[in-house]
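Student: Please take one part of this model and go through it closely: how its helices pack on one another, and how they sit on the sheet beside them.

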Amino acid sequence: MLSDRPEAPRAVDPLQPLRPAAPPRSPHAFGSIVEIGGNGLLSRVDPQTATLVWAGREDLSRPLPPNVREFGPRTFWQLWRACWRYEIDTLVVIPPGGDAPWHWRSLRSVFRRPFGPWRRLVRLFGVQAVRLLPRRVSTIVVDSGDQRTIARRHRFLVDRCTWYFKRELPIDRWQALEGTLMPARPDPDIRGRPHHRRRLEKLRPLAVGLLTDGPTLPPMEFPDKTVGLFVAIGSESSTVRQAGLAELRALAERRTDIVIAEERLLHDADLRGMASAWLTWSPEGLGWDCARHYEAASVYSVPVINQPTIVRFQPLVDGVHALHYDADVPGSLTRVVEAALADPERLRRIAGAARTHVAAHHLTPWQRAEQLLSYRSGLAEPPGGIAR
């Protein structure tokens with residue numbers, strides 16, 4: 001007898017159009033995609049297809065995916081054997097930030113509590129162990145660090161990979177290689193050498209995006225705006241922030257709609273402050289790309305950013321999704337803020353377009369996983385490449 005109770009709605013899988021349903025696999029087996037590094041992308045979205053081999057430091061603020069495998073001698077042997085048998089077709093290497101595994105600061109961290117120095121020491125060398133895996137497996141590198149150059153210890157990844165996605169990719173991409181993967185002097189003869197050109201062609205931009213719990217932004221009505229510009233200081237980690245903050249403090253003495261939060265705020269309070277403001281100041285910090293760009297846009301606040309110094313992925317375009325100012329021109333930030341606050345209707349349009357853009361392209365790990373899968377399967381070409 002059929003029940004009259006309506007069927008419960010099924011969870012939406014954002015990757016369903018890109019892959020067929022996979023049969024259940026053994027909990028001890030790897031997926032067809034293996035991520036090696038400190039955090040996962042595909043393994044967080046699709047644990048059945050992707051497995052994370054954890055090779056980073058403990059980060060209690062970000063729980064690991066349920067299908068994580070800690071790197072060690074046994075895991076490496078199983079991974080090597082699976083690659084040799086073609087059970088794995090793609091490696092996604094996510095180099096953890098920090099120093100090289102053999103640096104004294106990394107070695108000092110081995111002896112933290114709870115005490116487990118051997119496991120921590122072996123795990124530090126997880127990414128370096130990719131050197132020993134069979135080359136029959138294609139490799140994609142996702143470098144979300146703040147550094148503009150590629151570390152010398154990752155040279156083998158650039159030479160091995162199909163694409164090297166880098167968050168802080170300089171506009172002149174040669175600068176990502178100079179001083180580490182090639183001589184520091186900008187010699188045209190050195191830049192023209194074939195092996196350096198091949199490395200350059202693999203580089204692609206990446207955006208840090210907005211970390212979310214689901215594949216969509218929660219519904220939100222356009223909030224009431226009681227503040228003109230919201231400023232959360234956090235830390236003065238760059239001269240761009242130092243110079244801009246001095247300019248905004250002078251502006252706040254003339255305008256009452258400029259709110260500067262002098263103390264560090266909790267994340268929820270920070271979002272509420274941005275949502276109540278037409279504009280949110282989001283200058284360059286340790287890197288140009290910043291989560292605040294996307295957090296502000298997600299709550300209908302227009303991010304005010306200094307002019308970009310990197311190659312951007314699906315960028316927040318000036319005048320369409322954000323407002324840019326010249327950090328090296330005194331008074332530019334003040335002029336941009338005052339001109340924008342004089343036209344609230346324009347700001348409403350920009351704020352709506354910015355939230356739509358972030359929802360479509362910058363939800364992490366959901367959109368990042370879908371993008372990587374489309375590149376891996378050949379459905380799309382990663383944007384931002386430089387042809388030979």
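Tutor: An axis here is a line fitted to C-alpha atoms, for helices over the stretch in contact, and angles run from 0 to 180 degrees between N-to-C directions. The model is a predicted one, in which local features need pLDDT of at least 70 and side-chain atom pairs count only at pLDDT 80 or more, while totals for chains, interfaces and linings use all residues. Residues are numbered from 1 along each chain as its sequence is written, and side-chain values use heavy atoms, with hydrogens and water left out.

Start with helix H8 (residues 239-252) and helix H11 (residues 332-341), whose axes come within 9 Å and cross at roughly 50°; helices (H or I, at least four residues) and strands (E, at least two) are DSSP runs, numbered from the N terminus. That angle makes H8 oblique to H11 (under 35 degrees is roughly parallel, over 145 roughly antiparallel, 65 to 115 roughly perpendicular, the rest oblique). On the H8 side the residues that meet H11 are Gly244, Glu247, Leu248 and Leu251. Their counterparts in H11 are Ser332, Leu333, Thr334, Val337 and Glu338. By class, the contact of H8 with H11 holds 4 nonpolar, 3 polar and 2 charged residues (Ala, Val, Leu, Ile, Met, Phe, Trp, Tyr, Cys and Pro are nonpolar, Asp, Glu, Lys and Arg charged, the others, Gly among them, polar).

H8 also belongs to the packing on a sheet. It lies across E9, E10, E11, E12 and E13, with contact meaning heavy atoms within 4.5 Å. Its direction makes about 135° with that of E10.

That sheet is open and built from 5 strands in the order E10-E9-E11-E12-E13, with parallel pairing (two strands pair if DSSP finds at least two bridges between them). Strand E10 (258-261) and strand E13 (323-325) form the edges; each has a single partner strand, so one side of each lacks a neighbour in the sheet. On average, neighbouring strands in this sheet are turned by 25° against each other, direction ignored. At the E13 edge, E12 and E13 run parallel and are joined by 3 bridges. There, Val304 stands opposite Leu323 of E13. Helix H12 (344-361) lies across E11, E12 and E13, and runs at about 65° to E11.

Helix H10 (residues 291-298) is the next piece, and it is mostly covered, with 7 of its 8 residues buried (buried is under 20% relative accessible area, exposed over 50%, partly exposed in between, with a 1.4 Å probe and protein chains only). The buried residues of H10 are Arg292, His293, Tyr294, Glu295, Ala296, Ala297 and Ser298. Their cover includes several strands: E8 (210-211), E9 (227-232), E11 (277-281) and E12 (302-306). Helices H9 (267-275) and H12 are also among the elements that cover them. Just after H10, Tyr300 has a positive phi of about 65°.

The pair H9 and H10 can be read in the manner of H8 and H11. The axes of H9 and H10 come within 9 Å and cross at roughly 60°. H9 is therefore oblique to H10. H9 brings His267, Asp270, Leu271 and Met274 to this contact, and H10 brings Arg292, Glu295 and Ala296. The class count for H9 with H10 is 3 nonpolar, 1 polar and 3 charged residues. Arg292, Glu295 and Ala296, which touch H9, are also listed among the buried residues of H10.

For context, there is also an open sheet of 7 strands, in the order E3-E2-E1-E4-E5-E6-E7, with parallel pairing. Its edges are strand E3 (69-70) and strand E7 (203-205), each with a single partner strand, so one side of each is left without a neighbour in the sheet. Within it, strand E1 (residues 33-37) and strand E2 (residues 50-54) pair in the parallel sense over 5 bridges, and Val34 has Thr51 of E2 as its bridge partner. Helix H7 (residues 194-202) packs on this sheet, where it touches E6 and E7 and makes about 25° with the direction of E7.
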